[in-house]
Every structure is written in C-alpha cells, then in structure tokens.
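Hi,

Here is the model I promised to pass on. Have a look first, and my notes follow below.

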Amino acid sequence: MSIARAELQTLPHAVFLRRVSEPHVDNGRDSRLGQGAFLALRLIDLLATERESVHPDAFEYQWVATDRFCREVRSLSTEGAHLHGLVASAAAASRHGDIGLLTPGLFAYAHFLEDGLHLEEALDALDTLRTVVGTRLSGSDAVALSLRAGRVNRKLNRFDDADAAYAQAWERAHAIGDTYSELLSRIGLAVTTQGRGNLPEAEGRLVELLADARKAGERAAEAHVEHNLAAVLQHRGSPDLALRHAWRAFELYQDEEGQLRALNDVGIMLLSLGDPTGAERALSEVIRRGTTGDNAANARIELMHCASFRRDRIGFERYRSRCEERKADMPPNILADYHLKAGIGEARFGRLRRADASLSRALEIAEGAALHAMVFKIERIKGGLGECEQVMAGVRVAETDAAGHNEAVLEVSTSLAQLVGEPG
C-alpha cells in the first residue's frame, strides 16, 4: 500500500473518496457526489461540540466553497439534494448556535445511503451525528441513532458491533421509558442471532418477543416480530408457517411501507409454495399501492418471475421491459435479483445463452456489492444451467400439486382475494 493511500484511509470521511478512484460509467457523477459528501461532512466536523471553537471567518470561508460545490451537484440526483441540505443545515446551526439543527439532515442522509446499500458511508454519516452533536442529542434521537447503527452493522455482517449498538439502544430506551424501542432493540438482537446462523435460538427469542409485544399492546412491534419470525421459519424450511406469520405481519402493520414489504414477502412465499395466482394478486396489490420505490421494484421483479413460472412468455417480457426502464434506480441487491430472475426466466423458455449472460451480470453485481448469500445462490443456479429445463419442469409440477392441498396457502389466498375484491 502506498503512503498516500494509507494516509487517505486515516482521513475523516475518506470512505466517500473511494468513489473518486473507482471506475464508473456515469460520466463522473458518482465521483462528484463522493467529493461533495466528503466536503459537506468535513464542514459539519467544524461544529463538533467536543472540539475547540472555530473562528467564524474560517467556518464562513469553508462554507462558501462547500456550498458552491454542493449547489452544483444538487441537481444531479437525490443524493445531491441531500448534500446541499446538509450544507444549509450546517450554516443554520452555526448562525443560530443550535447544533441540533444538524440532526434531521444527517439522519435522512444516512437512511438514503443505507437504502442504496452504501453501508460503510451510512455508518460514517451516523458516526458524524454521534461525534458532532454528541450529548446534545435528545433521548429519542439517541435511541434512534443506536438502532440505526445496529441495523447497518447487521447488514454488514458485523454482528458484534450490531449487538453492542442494539444493547445500547435498549439501555437508552429503558432509561426514557420507551417500551416500543426496547422491543425493537431486542428484535435486532434476535435478527443478529439469525445472521450468525443460529436459527433455533433466533426463533425462540422471537416467539418470546411476540408474547411480550402483545402483552405491552405494542402493535407495531408485534408486526415487526411476526415479519422477522416469518423470515426465520422460511429459512428453517417451514414455508407454510412462514406464510401465516408474514400475512399476520401485513394485517398488523399500520404504515404503508411495512404493509408493502410484508405483502411482497407473502407473494414470494405463495409462489414458492406453487400458487402463482395468489402470488400475482399480492404483488399486483403492492404495485397498485406504491408505484415507486424498492417495494414496487421488488414486486415487478417477482411478477416477472411469476410469469416465467407459468411459462407466460408475453407476461415475462412485459414485466422485464418495465424492470429495464427502472434499472438505473435499483440498488445493487435489487438489481442483482432482477438479473438473477431474468436469467431463470430465460432458462425456463430454453434461451440458455441469454440466461447465462443475465446470470453472469447478476453475479458481477452481487460480488461487487459483497452480497455473499446471493453470490452463492447465483453460482449454484448458473452451474446447473445445462440441466435446468428438465429440473424446472419437475419443480413446477411438484410445487403446483402441493399448493392445492396446503391449508396455509388456501387461507392466505382466500384472504388476498377478499382484499383485492376478486373471487377466491
């Protein structure tokens, strides 16, 4: 490693400068956004409560230069708007002597980065909030910060760090009497247990949490528990039980985003159990309720998958075309999933060269984003392409036969039909 590179890695917020040195095909847009993030967060550092006071003229000079740069990137993307907003909030915090004005913008930017799977960068934004605002965070904001840090670390498979953050969130929530956040922190600890591969313990913790959430009357927490329990049961090989819990999560969620995530999972589970009609009802409802965002993108991909499952080539091409139109807005995990399921569809229609190309693209994206579980899945499917037509035909018959005799599928499909106003 060169001295310059070693020094770069020790520089605060250097994680954003990695974009400058990495190859891109966006005409340098991402590189400029990375530079803008670095400059905006360095400006915010000047306001840290623990550091010596910066002369107003020095702050003003740096603000003018940073504002000029971030104003130029503001129109490039949603991230550019976030960055310009951070610079504006830094100016307001300096002008009014209120460091708390930084909090909403940093939370929003960290959430944006997390959604786009820029997880290291999301952690940097959260750490900036912790170090700059420090003890001036309100009790509820301190709890939210620990919960967010736990979630991002969990997604990075840094389970020790995630556990520490969730434990801190529980302590902070308990101190201010926030029962809901106490439950969320315990859910996070259960999910890190799942991430480590201990599914029986994760299930046991979630079952206990389900009783506690019901006893506390915390419906939103109960919905989260049901949803995570569905995921654990699916991984444990109990798809019918998982389906019931996912549907119950949908019924419990009171926010639109939670409902759409649960309904999307219900659709995926119904398809895996051999009920493409029920799956399409669920996924079409997701798109009807939310035409944009990750939930809608996932639903379109799964509807494409349903069409190939039923060997409906016209439907497959229609949904694939809609996915292609929105590829530029897909984060890496969704984009990799799209190419994976497009490849499976091509294989089901006997177009093995196109299937191999799509699977290769999915593998490239998954490897680049360190999506290790997806890499393993894609490699396994790609390695069996030569026999896929025979295998897919056998799977389809077995799944369809099983669906007609599965009580969970019948119950949820009937409820879905009533939800969308169609005959069951």
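Let me start with a loop residue: leucine 117 is partly exposed, at a relative accessible area of 24% (buried means under 20%, exposed over 50%, partly exposed in between, with a 1.4 Å probe and protein chains only). Leucine 117 sits in the loop between helix H6 (103-115) and helix H7 (119-133), and has a positive phi of about 65° although it is not a glycine. Helices here are DSSP runs of H or I with at least four residues, strands are runs of E with at least two, and both are numbered from the N terminus. Histidine 13 also has a positive phi, near 70°, without being a glycine. You'll find histidine 13 in the loop between helix H1 (3-10) and helix H2 (18-21), and at 7% relative accessibility this residue counts as buried.

Before you read on, some ground rules. This is a predicted model, so local features need pLDDT of at least 70 and side-chain atom pairs count only at pLDDT 80 or more, while totals for chains, interfaces and linings use all residues. Residues are numbered from 1 along each chain as its sequence is written, and side-chain values use heavy atoms, with hydrogens and water left out.

Now the overall picture. The protein chain has 22 helices and zero strands, and buried residues make up 46% of its 424 residues. Taking contacts (heavy atoms within 4.5 Å) between residues at least 6 apart in sequence, 61% join residues at least 24 apart.

Two helices I looked at:

- Helix H12 (residues 219-235) has 17 residues and should span 24 Å at 1.5 Å a residue; its end C-alpha atoms are 25 Å apart, which agrees. The expected span is 1.5 Å times one less than the number of residues. Its buried residues include Ala221, Glu222, His227 and Leu233, and what covers the buried residues of H12 includes helices H10, H11, H13 and H14. Just after H12, glycine 237 takes a positive phi of about 85°.
- Helix H5 (residues 78-96) has 19 residues, with both the expected span and the distance between its end C-alpha atoms at 27 Å. At its start, a side-chain oxygen of serine 77 reaches to within 3.2 Å of the backbone nitrogen of glutamate 79. Glycine 97, just after H5, has a positive phi of about 65°.

What about salt bridges, and how many does the structure hold? There are 34, each being a side-chain nitrogen of Lys or Arg within 4 Å of a carboxyl oxygen of Asp or Glu. Arginine 32 pairs with glutamate 72, their closest N and O atoms being 3.1 Å apart. That pair links helix H3 (residues 29-45) to helix H4 (residues 56-73), across 40 residues. Glutamate 280 and arginine 310 meet at 2.7 Å, N to O. Glutamate 280 is in helix H15 and arginine 310 in the loop between H16 and H17, so the pair ties together parts that are 30 residues apart in sequence. Aspartate 337 and lysine 341 come to 3.3 Å; being four residues apart in helix H18 (residues 332-348), they are separated by about one helical turn. Aspartate 337 counts as buried at 10% relative accessibility, and lysine 341 is buried at 10%. A network of salt bridges links Glu317, Arg320, Glu346, Arg351 and Arg354.

Last, the cysteines. Cysteine 70 is buried at 0% relative accessible area, and cysteine 323 is buried at 1%. The disulfide count (cysteine sulfur pairs within 2.5 Å) is zero.

Cheers

Conventions: A polar contact is a pair of N or O atoms within 3.5 Å; within protein, one must be able to donate a hydrogen and the other to accept it, and residues adjacent in sequence count only if both atoms are side-chain atoms.
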